[in-house]
Each structure stands twice: as structure tokens, then as C-alpha cells.
Amino acid sequence: MSAVQTSKMTNWRWVMCAMLFFATTVNYMDRQVLSLTFKEFIQPEFHWTDSDYGTITGVFSICYAIFCLFAGKFVDWMGTKKGYLIAIVVWSLGAVMHAGCGWVAVHFVDGVADTTMLKELGEALAIAGSDEAAVAATLAKFNVTANTLLAISSVSVWLFLACRMILGLGEAGNFPAAIKVTAEYFPKKDRAFATSIFNAGASVGALAAPATIPLLAKSLGWEMAFIIIGVLGFFWAAIWIFVYDKPAESKHVNEAELLYVNQDEDDAEAAKTAAEEKPMSFAKAFTYKQTWSFAFGKFMTDGVWWFFLFWAPAYFQDQFGHKASDPMGIALIFTLYAIVTVLSMFGGYLPKIFVEKKGMNPYAGRMLAMLIFAFFPMLALFAQPLGDYFDSAWWPAIIIGLVGAGHQAWSANIFSTVGDMFPKSAIATITGIGAMAGGLGSFLINKGSGVLFTYAEEQGAAFTFMGFDGKPAGYMIVFCICAVAYLIGWSVMKALVPKYKPVVVD
């Protein structure tokens with residue numbers, strides 16, 4: 001027996017997985033600061049409508065989608081270490097820049113002395129509500145006109161859009177880089193499990209966010225919430241510089257671990273060929289059904305996760321009166337993401353059982369697991385009815401948590417199908433294409449939801465759907481769309497690639 005076979009294997013791959021987990025956690029915390037400060041702090045200050053918020057989240061999604069298309073190519077071109085480093089520095093910078101939007105808006109709009117006046121005006125108008133006389137008295141007290149309010153709203157929307165674009169530019173690199181690291185450090189049979197672990201960072205980020213961000217915003221101001229959370233990314237970047245190297249070049253990976261990581265290679269010549277492969281072009285990538293299968297699955301399902309991420313805090317305040325900074329609001333959102341975090345961890349383990357215990361190939365095992373997870377979102381059909389029937393936000397919180405857990409389990413497996421079927425040199429590119437498709441789907445659902453909710457609220461009892469009227473009817477419509485999205489996505493994916501068929505580059 002060789003020395004390699006008898007030596008104890010190092011476990012540096014799990015350190016890499018931990019780094020991916022923390023990066024994804026920071027990624028989702030940065031993304032969620034806006035949703036947790038929008039309804040209670042930012043909307044009153046800048047006088048946004050739901051449609052304005054839908055525009056900001058929707059444009060973020062479409063920009064993220066476009067950037068994702070090129071982020072994969074960028075990571076393949078720059079290499080994993082530099083590509084990931086640049087990505088997190090850019091998105092952290094974008095996150096911090098949100099804090100300056102109020103200051104810049106004041107300098108662009110005549111009639112507003114400073115940010116303190118802007119906040120006080122917002123608080124006074126929130127108290128005035130829809131009472132036209134009270135609103136007019138408030139404007140007169142502050143010597144502000146309706147045109148000034150419109151200018152504040154318009155300028156602030158554009159400023160936030162600019163910051164969200166920078167945030168999206170950097171965040172687009174997270175998953176292509178993370179999936180590439182997973183493919184570098186894990187054999188195929190472990191990739192879904194490793195992906196589910198680092199992908200759980202999205203749930204943990206979403207879990208930590210409601211416990212910290214609203215309290216930061218309430219005690220220090222919403223601006224400091226963006227700054228404090230944004231700075232976390234710079235700390236991660238400093239650590240990444242010192243801990244990452246490719247497995248074959250890392251001083252922390254011994255021969256036994258390297259042999260384990262490369263167990264999918266048939267022989268040394270195959271490993272050499274894989275190392276020398278060139279990145280796949282976009283034109284070539286779109287000639288494969290496997291690319292379209294992955295992209296369609298992402299298009300149908302990513303928007304569901306992003307809808308709940310961006311709109312859940314507003315939903316609990318709109319429908320049940322629980323603000324994000326109130327103890328009840330924090331408890332609801334925390335519970336929601338606690339369910340997501342705990343249950344989604346099993347998402348990568350289920351196909352591992354199918355592969356190791358049932359003898360299925362990785363793709364077949366993953367598709368079976370994804371079919372099971374595709375039924376979880378069907379529970380969204382009951383969120384609004386049960387919440388209304390029991391007059392309690394706990395039912396929707398628990399149900400949305402189960403839906404989110406199903407999504408994260410689905411997500412871990414759909415990402416891993418890329419590593420199953422494409423060569424390592426193309427993984428970041430294909431992942432970027434899929435993320436782009438997911439961003440397009442997210443744009444449609446977020447912008448569409450904002451327009452729908454504003455319209456439904458204006459129509460009131462005249463707008464009905466399945467026994468609900470006004471804005472509750474709007475939420476019910478979106479919940480129905482979320483419920484069936486995964487089964488549609490899975491069916492099309494299965495039709496395009498019915499059996500395991502790895503891509504062979506000519």
C-alpha cells in the first residue's frame with residue numbers, strides 16, 4: 001500500500017466550503033438591507049410607492065441578470081481567486097454607497113434643507129396618512145410643495161437604482177465563482193452536499209438580517225445599517241487573499257486529499273486534459289440543450305426566492321401590521337428563515353443517498369430530488385387563506401419558510417447539474433448564463449408585483465381574486481404563481497435532458 005493511501009487526508013476543501021458559506025451569507029445580508037428598511041424607514045422618508053420599490057428591485061434583478069451573463073466569463077478569465085476577490089469588493093462598495101443616497105438627494109432637490117428635515121418630514125407625513133387636510137398642513141408647516149415631494153421621490157429612486165446596479169455587478173460574481181470552487185475542490189458525488197452547505201449561507205444571511213438590520217436602522221439610522229453590513233465583505237476579501245489556492249497548488253492540501261478531489265478523472269491524462277481546457281464561448285454554450293435546461297429551471301424558480309426575500313417584510317406589515325423592527329416582525333422573519341436554514345441543509349444530502357444507496361447516476365438522483373422539492377412551493381397556495389382565516393401572520397411565516405426551504409434544496413441541486421454535465425472550464429460560464437435567466441425571472445416577478453400591489457391597493461374592493469380584494473388579492477395572485485413555478489421548471493428541464501448526457505467539447 002502506498003504512502004498516499006495510508007496517510008491521513010487533509011480537509012482543506014471544507015475550509016473552502018466555509019469561505020463560500022460566509023461569502024454567500026454576506027451576499028444575502030447586503031441584498032436584504034433594503035427590504036428590511038424599505039417599509040418602515042425609507043418609504044416614508046422618500047415617499048415611494050410599492051411600484052417605485054418594485055422598480056428598484058426589478059431593475060436590480062435585470063441588471064444582476066445581465067451582469068451574471070458576463071460574470072461567469074469574467075471568473076473563468078480572471079481565475080477563481082482574483083475573480084471572487086473583485087466581485088465581493090465591488091458589491092461591498094455598492095452596499096455602503098446606499099447610505100449616501102439621502103445626502104445626495106438633498107443636494108439635488110430645492111426646498112429641503114438637510115437629511116434631518118427629510119426624515120422629520122417623512123415622519124410627519126406618515127402620521128398624516130391619507131388625510132388630505134393633514135397632509136396639506138404638514139407640507140405648509142415644513143414649507144414644502146407637492147412638487148418637492150415628487151422630486152425627492154424621483155431623485156432618490158434613481159440614486160438607489162445606481163447603487164443597486166453596483167451591488168448587482170459585484171453580487172453577480174458570487175455564485176459562478178462559488179460553483180467553480182466547488183467543482184475544483186469536491187468530487188461529483190459530494191458537490192450537491194457542499195453546494196447545499198454554502199448555499200445555506202443565503203438562508204443564514206436572511207436569518208441574521210432581520211435580527212440585526214432593523215435594530216441597527218432604528219438605533220443608528222438606516223444609513224448605518226447599509227454601512228455596517230457592507231463592511232463585512234471587505235473583511236472576507238482580506239481573508240480570501242491568504243486562504244485560497246487551487247487544490248494542486250495549495251500547501252494545505254496533501255496528496256491523499258488531492259486524490260480524493262480528483263477521483264472523477266479516469267487517469268492522469270484525463271486530468272491533464274481537463275486542466276488544459278479553454279473556457280467555452282457563449283455561442284458554443286447555447287448550442288447545448290443542457291444549457292437551456294439549466295437556464296429555464298433558473299428562470300422559473302429564482303424569482304420565487306427573490307420575491308419572498310424582497311417582499312416578505314412588507315407583506316407582514318401590509319397584511320398584519322407587524323413592522324420589521326418590532327419584536328413580532330423580527331420573530332416572524334427570523335422564524336421564516338430559521339425553517340429555511342434547517343430544512344434546506346438536507347437538500348444536498350438526498351441525492352447523495354440516491355447515488356450511494358440506490359446506485360443512481362448523479363444527474364438522475366438530482367432530478368428525482370428536485371421533483372420532490374418542487375412540490376414544497378405548492379404550500380404557498382395556503383399562506384394567504386390560513387393567515388386570513390386565523391388572523392395570524394404565523395401561518396404565512398411558517399408556510400413561506402417551507403417554500404423557501406424547498407427552493408434552497410432545489411437550488412443546491414440545480415447548480416450541481418452544471419458540474420455533472422459540463423467540463424470544469426465551462427462551469428462558471430454556464431452558471432452565469434443560468435443566473436442571468438434567474439435574474440430575468442426575478443425582474444418580471446418583482447416589478448410585476450410592485451405594479452400589481454399599487455394597482456390593487458388603488459382599486460380596493462373592486463379588485464378581487466379567490467375571495468380576497470385589494471392588496472391581499474394581489475399577494476394571492478403572486479403566491480399562486482410561485483406555487484406552480486417549480487413543477488413547470490422541472491418538467492421542461494426533464495423534457496430537454498431526459499437522461500444523463502455529459503457535454504463533450506469538440
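Accessible areas are obtained by the Shrake-Rupley method with a 1.4 Å probe, and for residues only the protein chains shown count as cover. On this basis the accessible surface of the protein amounts to about 20200 Å², and 68% of it belongs to carbon and sulfur atoms. This is a predicted model, in which local features need pLDDT of at least 70 and side-chain atom pairs count only at pLDDT 80 or more, while totals for chains, interfaces and linings use all residues. Residues are numbered from 1 along each chain as its sequence is written, and side-chain values use heavy atoms, with hydrogens and water left out.

The protein has 22 helices and two strands (DSSP runs numbered from the N terminus: H or I of at least four residues for helices, E of at least two for strands). Its C-alpha atoms fill a box of roughly 85 × 45 × 40 Å along the principal axes.

Of the 506 residues, 56% count as buried, meaning under 20% relative accessible area with a 1.4 Å probe, protein chains only. The largest nonpolar core has 156 residues, among which Phe160, Phe307 and Phe316 touch the most other members. Such a core is a set of buried Ala, Val, Leu, Ile, Met, Phe, Trp, Tyr and Cys residues joined through side-chain atoms within 4.5 Å. Helix α2 (residues 12-46) gives the most to this core, namely 17 residues.

Leaving aside residues up to four places away in sequence, Phe307 touches Ala312, Ile445, Asn446, Ser449, Phe453, Tyr475, Val478, Phe479 and Cys482, where contact means heavy atoms within 4.5 Å. Across the protein, among contacts between residues at least 6 apart in sequence, 83% join residues at least 24 apart.

Definitions and conventions. Buried means under 20% relative accessible area, exposed over 50%, partly exposed in between (1.4 Å probe, protein chains only).
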